[in-house]
Amino acid sequence: MAKLFLGLDSSTQSLSAVVIDLDARKVIYEKSLNFDQALPQFKTRNGVLPHRDPLVKHSPPLLWAAALDLMFAQMKKDRVALGKILAVSGSGQQHGSVYFNDKAAEALANLNPQKSLVENLDGIFARKTSPIWMDSSTAKECAEIRKKLGGIKFTASRTGSDTFERFTGPQIRKFYKTEPKAYDKTTSIALVSSFMASLLAGKIAPIDFGDGAGMNLMDIRRKNWNHEALKATAPSLVKKLPPLAASGFVIGPVSPYFVQKFGLNPEALATVWTGDNPASVLGLGLIKPGQVAISLGTSDTFFGTMEKCQTDENGEGHVFGSPAGGYMTLICFKNGSLAREKIREHYKISDWKKFGEIVAATSPGNAGGILLPWFEAEIVPRVNRPGIHRFDLDEKNAAANCRAIFEAQMLSMRLHSQWMQVAPEKIFATGGASNDRALLQILADVMNCRVLRIEVAKSAALGAALQAAHGWLAAADKNPKWEKLVAGFSDPVPNSEIRPDKKAAKIYDQLVEKYAACECDALENCQLL
Ligand code: XUL
């Protein structure tokens, strides 16, 4: 009998599902459901509720529950063999939090299939909306927690990251400070991932080591709640947090709600979910230490796996638990494709093909011209006042500016990933801009490393399906090996390998020093890294 596993990814704007046939090493079904379009009654824009304060970004947790109902109904309609699925897992947008009251446990245990999930969950929240990762309204709380934990270095070495506005701990602290009564009524706090897992399992689910590390509350090395971080955040927090567990760990059989309503196999296992980035690491097949991927999307992210926990004392990067064991790192550069687009528009370049051609016709190192493209406040390095900075670069020279933006982005990645102490032997590139060979050549030359393109649609949902398979096999004492599990699901695009040009790589070894100096110059009171 085919071994089928379901992976779900509850992201900011959509819920995705991927079903894999493990032995055939094939994705047999995939679907995405856009929140705004499928559930307009929740009045979200791009999955987020409008708010008068642009720093506040919340979403309704009931939207995610309603989407789960819709997705199962869609799968049933599409004749997915739900009765044959052996286990379900998932991933969620990281950092977002859900606040349950004392009615939640009972409601989850008695989900009535005659009603919708939204009706079943009526009255179980101590807070109607959930702050999500796009929220940046907690600068004050970040500073308070960081101070109590002894500064950036100690906060990062304890919890895996410095305090960040979007991280759950600072968000919980703000809730406690601004709505103390509602905080008091909160009996359990979930992440988006553990909230969704709770619906599937019919009980409050554990938080995994991957998503748990995005809270500023988990001890990154011991993988338990860090009591000093809890104390620095809000009172009685230890009583409000579920246990931590490994991603994919079996919680129990799926809730009868999904069996009776949609025909899910009654023996199917509900497993612990993780964050979307940790799940993507699995979906892209990055399970060996030193494997690195660069995703060139709305924001550019640099992520990879690490055997030993190495934290960033400058507090720019993050360390999360990897669902495949060990650790993963994530560095998020906000000015990614949006910044590239701004330059393209500024110089009136018709399309990306033309942009690539212009870049290819210029020389590595750009004759020393540097552009710091902080069109928006930047996460890495921390830039609160957006601005564009040019050094030895003529604004009128369109071609040099096109090369300069991508060189700066790649030099920044090289500089700000040094703390990871990971020497990648090859880099997988994914996301929109990875289609462009001229840009990938710059990446290969700056990093002095082979680059291969990898295109996995819905990598988080695929990773979640693999996580379900791992959890099921482990529960059956089958001793699953990650390397074997991911094989065949995310092979690099054929003939996509780009090798570094040795001469160009030498130029960038020098230019990175100049880039660092320019960055320092542009950032007030900055020290050379
Ligand atoms: C990671 C982060 C985002 C969200 C997006 O720290 O905030 O990548 O996980 O869903």
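Ile370 counts as buried because its relative accessibility is 3%, below the cut-off of 20%. The model is a predicted one, and this residue is a convenient place to enter it. Ile370 belongs to strand E18, which covers residues 370–374. Setting aside residues up to four places away in sequence, Ile370 touches His389, Arg390, Phe391 and Leu393, and also Leu511, Lys514, Tyr515 and Cys518. Leu200 is 170 residues from Ile370 in sequence, and the two C-alpha atoms are 51 Å apart in space.

The next topic is the nonpolar interior. The largest nonpolar core contains 116 residues, and Phe5, Ile20, Trp225 and Phe302 have the most contacts inside it. Helix H17, residues 398–416, supplies the largest share of this core, with 10 residues. Another core lies apart from it and has 56 residues, including Trp64, Ile132, Val254 and Leu264.

Phe302 can be followed further. Without its neighbours within four places in sequence, Phe302 is in contact with Val292, Ala293 and Ile294, with Thr329, Leu330, Ile331 and Phe333, and with Met413, Ser417, Met420 and Met447. Of these contacts of Phe302, Leu330 leads on to the ligand, since Leu330 is also among the residues that surround the ligand.

The other residues around the ligand are Gln93, Gln94, His95, Trp133, Arg166, Asp276 and Asn277. Sorted by class, this shell has 2 nonpolar, 4 polar and 2 charged residues. Some individual distances to the ligand can be given. For Asp276, a polar side-chain atom lies 2.4 Å from a ligand oxygen atom. For His95, an N or O atom in the side chain is 2.7 Å from an oxygen atom of the ligand. Gln94 takes part through its backbone, where an N or O atom lies 3.1 Å from an oxygen atom of the ligand. On its own the ligand has 290 Å² of accessible area, and the protein covers 90% of this area.

Asp276 also leads into helix H14, which spans residues 276–283. Is this helix mostly covered or mostly uncovered? H14 is mostly covered, with 7 of its 8 residues buried. The buried residues of H14 are Asp276, Pro278, Ala279, Ser280, Val281, Leu282 and Gly283. Asp276 is thus both buried in H14 and part of the ligand's surroundings. After H14 comes Gly285, which has a positive phi, near 75°.

Technical notes: Residues are numbered from 1 along each chain as its sequence is written. This is a predicted model: local features need pLDDT of at least 70, side-chain atom pairs count only at pLDDT 80 or more; totals for chains, interfaces and linings use all residues. Side-chain values use heavy atoms; hydrogens and water are left out. A nonpolar core is a set of buried Ala, Val, Leu, Ile, Met, Phe, Trp, Tyr and Cys residues joined through side-chain atoms within 4.5 Å. Buried means under 20% relative accessible area, exposed over 50%, partly exposed in between (1.4 Å probe, protein chains only). Helices (H or I, at least four residues) and strands (E, at least two) are DSSP runs, numbered from the N terminus. Contact means heavy atoms within 4.5 Å. A residue is near a molecule or strand if one of its heavy atoms lies within 4 Å of it. A polar contact is a pair of N or O atoms within 3.5 Å; within protein, one must be able to donate a hydrogen and the other to accept it, and residues adjacent in sequence count only if both atoms are side-chain atoms. Accessible areas come from the Shrake-Rupley method with a 1.4 Å probe; for residues, only the protein chains shown count as cover. Ala, Val, Leu, Ile, Met, Phe, Trp, Tyr, Cys and Pro count as nonpolar, Asp, Glu, Lys and Arg as charged, and the others, Gly among them, as polar.
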